[in-house]
Protein chains: 4
Amino acid sequence: MTASPEDAIAAVIDAGHRAAARGWVPATSGNFSARVDAARMAVSATGADKGALTRDDVLVLDIAYPRHERASAEAPLHAQLYRDRPETGAVWHVHSENAVLVSLRHGGAGAVPLAGLELLKAFRGITTHEAEIRVPILPNDQDTPRLAAQASRHILEDARLWGYLIAGHGLYAWGTTPAEAWRHLEAFDALFSLHLRSTGGHK
Amino acid sequence: MTASPEDAIAAVIDAGHRAAARGWVPATSGNFSARVDAARMAVSATGADKGALTRDDVLVLDIAYPRHERASAEAPLHAQLYRDRPETGAVWHVHSENAVLVSLRHGGAGAVPLAGLELLKAFRGITTHEAEIRVPILPNDQDTPRLAAQASRHILEDARLWGYLIAGHGLYAWGTTPAEAWRHLEAFDALFSLHLRSTGGHK
Amino acid sequence: MTASPEDAIAAVIDAGHRAAARGWVPATSGNFSARVDAARMAVSATGADKGALTRDDVLVLDIAYPRHERASAEAPLHAQLYRDRPETGAVWHVHSENAVLVSLRHGGAGAVPLAGLELLKAFRGITTHEAEIRVPILPNDQDTPRLAAQASRHILEDARLWGYLIAGHGLYAWGTTPAEAWRHLEAFDALFSLHLRSTGGHK
Amino acid sequence: MTASPEDAIAAVIDAGHRAAARGWVPATSGNFSARVDAARMAVSATGADKGALTRDDVLVLDIAYPRHERASAEAPLHAQLYRDRPETGAVWHVHSENAVLVSLRHGGAGAVPLAGLELLKAFRGITTHEAEIRVPILPNDQDTPRLAAQASRHILEDARLWGYLIAGHGLYAWGTTPAEAWRHLEAFDALFSLHLRSTGGHK
C-alpha cells in the first residue's frame with residue numbers, strides 16, 4: 001500500500017478523532033500513523049489532543065530514522081512496524097481502558113489468550129471462531145528504541161499478529177490499510193472487554 | 001408487511017447506523033435486513049462498516065435462495081426468519097457485549113430465562129411484568145445453513161419468540177416492522193444487561 | 001407553576017430526547033409530563049419512541065381524569081403527583097438501569113437509603129451532605145390506579161420526597177419546574193450508581 | 001499566565017460543556033474557573049447547568065475576596081488555588097463517579113496512591129511510568145473557607161500536586177493553562193477508573 005502524503009495525513013486525523021470519541025486516548029495519549037510509501041509514514045506529533053488533530057499536528061517522517069523535534073517519543077515503535085512488516089498500511093496506538101486492564105492482569109504471563117469467539121474473524125486471515133490468538137504483552141520501557149526491538153521479535157515470529165500490548169500502558173494495532181487497522185483495533189478492544197467481563201467481573 | 005425496495009434499504013441503513021452508535025457492531029460485525037415482499041429481503045452486504053452503510057452496501061436478495069457474491073455468510077439466517085415467520089418485517093443481528101456475555105454464561109443450559117421485569121412488556125404479545133421468556137442459545141457454527149436449520153426448530157416451536165442467541169457470537173432479534181424489531185433489540189440488550197448485573201457483577 | 005400548553009409540551013419533548021440520549025428509556029419505555037395549570041398536564045402518549053417525540057406524541061389531559069385513547073397506562077401515576085402535590089411542575093419517569101437495579105436489590109426492604117454524599121444537595125430543601133433520604137420502592141402492579149394510591153401514601157407522608165421506585169420497573173422523579181425535575185432525575189441516577197458500585201460491585 | 005476576561009470566560013464555558021458531555025457534573029454540580037490575572041478569576045456561578053453554560057453564568061471575581069450574590073459556595077476553593085499557586089491558570093472541579101468512588105474507598109487512609117502506569121506522564125513534571133503520586137482526600141465540609149485552609153496545607157507541601165479529592169464529593173484538578181488542567185482532569189479520571197477496576201471490581 002502506498003498513499004499520497006495528504007491521504008495518509010487525513011487517515012491519521014480521522015483515526016485520532018474516532019479514538020478520542022471512544023475515550024481511548026485520554027489526556028493527549030495515543031499516537032496514530034499511516035504509511036505513505038516504502039520509506040515514509042505520516043505520524044501524529046507529540047502532545048497533541050487526538051480529538052482535535054489538525055493537519056499541522058501530523059508529521060511525515062522517514063521510517064528508517066523517524067526524528068523530528070515534534071516527533072512523539074513513540075515514533076520508533078511505529079517505524080519498526082513499517083520496516084518489519086512491508087504490508088503494514090496503518091498503526092493505531094491507544095490507551096483504551098480495556099487494553100490497559102488486560103495488560104495488567106496478564107502481564108506476568110506475557111500474553112493474553114483469546115479463543116472461541118466469533119469476533120476473532122475480524123482479524124485478517126482468521127475464518128472461524130474456533131481459532132486462538134495470543135496477544136503479546138511487553139514490559140513498559142521509556143527507552144522506545146529498545147522497546148521497539150522487543151516488539152520486533154514478536155512481530156517477526158508470528159505473521160498472524162496484528163497487535164501487541166505494553167503493560168500498564170496500552171495497545172498497538174495495525175493492518176494493511178487504515179480501515180483494516182481500525183477494524184483490528186475495534187476487535188481487540190471488544191475482545192479484551194469480553195475477556196475481562198467473562199473471567200472475573202471488571203477486573 | 002411489504003415495502004418498496006427503497007424503503008426496505010433505508011430501514012436497513014438506519015438500523016446499521018443506530019446499532020453502530022451503540023457499539024453493538026464492532027469491527028464490521030452484525031447484519032441487518034428488512035422484508036421487501038413475500039419473496040425478497042434487503043440485507044447488508046458482507047464486510048461493510050455498519051456505521052457507514054450506504055445504499056450500495058445493501059443487497060436485495062431472494063429469501064428462498066439468498067446468494068450473491070457480496071452476500072454475508074449469515075444471509076441464510078435472515079432468509080430463514082422471513083420464510084418460517086411470514087409476519088417478520090425486519091431482522092437485526094448484533095454483537096452487543098451484553099448478548100455475547102449472557103450467551104457465554106448460559107450457553108451450557110441452552111437458554112437464558114428473563115422474568116418479572118416491566119421491560120418484558122416491550123415484546124409484542126406480552127402485557128404484564130409477570131411473564132417469563134426463555135431466549136434460546138444455539139452453539140456457534142460457521143456452516144450457516146446448518147445453523148439456520150437449528151434456529152428454525154426453536155422458531156417454529158415458540159410463536160412468542162422474538163430473538164435467539166448464538167454462543168460467543170451475538171443476538172438475532174426481529175419484529176413485524178423495522179420499528180418493532182428495534183424495540184425488541186433494545187429490550188433484549190437492556191434485559192441482558194440487567195440480568196448480568198443483578199445476578200453476578202458484570203460476569 | 002403554570003405554563004402555556006405549548007411550553008409544557010416543549011418541556012416534555014425536551015426531557016424525552018434527553019432521557020433517550022442517556023439510554024434511560026429503552027424500547028419505548030418511560031413517560032414524561034409537565035403541568036399546564038391547576039387542572040391539566042401535558043403527557044407523552046403510549047408507545048412513542050421518547051428519543052423521537054414530536055408535538056403529536058404529547059397529549060394535554062385533565063389531572064382529575066386522565067383518559068384518552070392514546071394515553072399511557074401510567075398516566076394515572078403522573079396525574080396523582082399533580083393532584084397530591086400542588087407544587088409539582090413536571091414528572092419524569094424512566095427505566096434507567098441503575099434505578100431498576102437498586103429497586104431489585106432493595107425491594108424487600110421497601111426503600112433505598114442514600115446518605116453522606118455531596119450530591120444529595122441537588123434535591124430541593126437539602127443543604128448539606130450530612131443528610132439522609134430514603135427512596136420508597138413500591139411493588140410493581142399493572143393496575144396503575146391502585147399503584148398510584150400506593151404512591152400517594154408515601155408522597156403525602158414525606159414532604160421532602162422527590163422520587164420513588166417501582167420494583168423491577170423504574171423511577172418516578174419530579175420537581176417544581178421541568179429543570180428542577182431533571183436535576184432531581186440526574187441526582188437520583190448518579191446516587192443510585194454510586195450506591196451500587198460502592199456497596200457490591202455492579203450488583 | 002494572564003488572559004483577557006473574555007478568554008478566561010470562554011475557557012470556563014468550554015470546560016463546563018466538555019465535562020457535562022462526559023457525565024462528570026450531574027445535577028448542576030461542579031465548578032469551573034480560569035485565571036484572568038494576578039488578582040482575578042473567571043468562575044461559574046452557582047446552580048448553573050454546566051452543559052448549558054453561557055457568558056451570563058460566569059462571574060469575574062477577586063481571588064482575595066471572591067464574594068458575589070451568585071458566587072458558588074465553592075468559590076473560596078478556587079480562589080485559594082490561584083493564591084497559593086501563582087502558576088495556576090485554570091481549576092476544574094467535577095463530581096465524576098470514579099473520583100467519588102475512590103474518595104469513598106480511600107477516605108480513611110487520606111490519600112489514593114497511583115503508580116506504575118504510563119498515563120502518569122500526563123502530569124506536568126512526570127517523565128516516566130515508574131513514578132508514584134498520592135492524591136490527597138479531604139473530609140467533606142460545608143464550610144468551604146475552612147475546607148480551603150485544609151486544601152492549602154496539602155498544596156503548599158507538594159509542588160507536584162495537580163489535584164485533590166473531597167470524600168463523597170468530587171475532584172479538584174488544575175494546571176498552568178486551561179488545556180493542561182483538562183489534560184490533568186482526564187488523566188485523574190482515567191487513572192481512578194483503572195485503579196477501581198484493577199483492584200476490586202467496580203467498587
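**Helices and a sheet in chain B**

Asn98(B), Ala99(B), Leu101(B), Val102(B), Arg105(B) and His106(B) in α3(B) meet Asp189(B), Phe192(B), Ser193(B), His195(B), Leu196(B), Thr199(B) and Gly200(B) in α5(B). Keep in mind that this is a predicted model.

Student: By class, what residues does the contact of α3(B) with α5(B) have?

Tutor: Good place to start! Ala99(B), Leu101(B) and Val102(B) come from α3(B), while Phe192(B) and Leu196(B) come from α5(B). Sorted by class, the contact has two charged, six polar and five nonpolar residues.

Student: Are α3(B) and α5(B) parallel, perpendicular or oblique to each other?

Tutor: Look at the axes of α3 (residues 97-106) and α5 (residues 178-200) of chain B, which come within 9 Å and cross at roughly 50°. Angles of 65 to 115 degrees would count as roughly perpendicular, and those under 35 degrees as roughly parallel. The crossing angle therefore makes α3(B) oblique to α5(B).

Student: Which strands stand at the edges of the open sheet in chain B?

Tutor: Let's follow the order of its eight strands, β3-β2-β1-β4-β8-β7-β6-β5, where the pairing is mixed. An edge strand here has a single partner, so one side of it is left without a neighbour in the sheet. The strands in that position are β3 (58-62) and β5 (111-115) of chain B.

Student: Which residue in β8(B) does His93(B) stand opposite?

Tutor: Happily, we can find the right pair of strands. β4 (residues 90-94) and β8 (residues 170-175) of chain B pair in the antiparallel sense over five bridges. Opposite His93(B) stands Tyr172(B).

Terms used
Residues numbered from 1 in each chain as written. Chains lettered and ligands numbered in written order. Predicted model: local features only at pLDDT ≥ 70, side-chain atom pairs only at ≥ 80, totals over all residues. Heavy atoms only, no water. Axes fitted to C-alpha atoms, helices over the stretch in contact; angles between N-to-C directions. Helix = DSSP H or I, 4+ residues; strand = E, 2+ residues; numbered from the N terminus. Parallel < 35°, antiparallel > 145°, perpendicular 65-115°, else oblique. Contact = heavy atoms within 4.5 Å. Nonpolar A, V, L, I, M, F, W, Y, C, P; charged D, E, K, R; others polar. Pairing = 2+ DSSP bridges.
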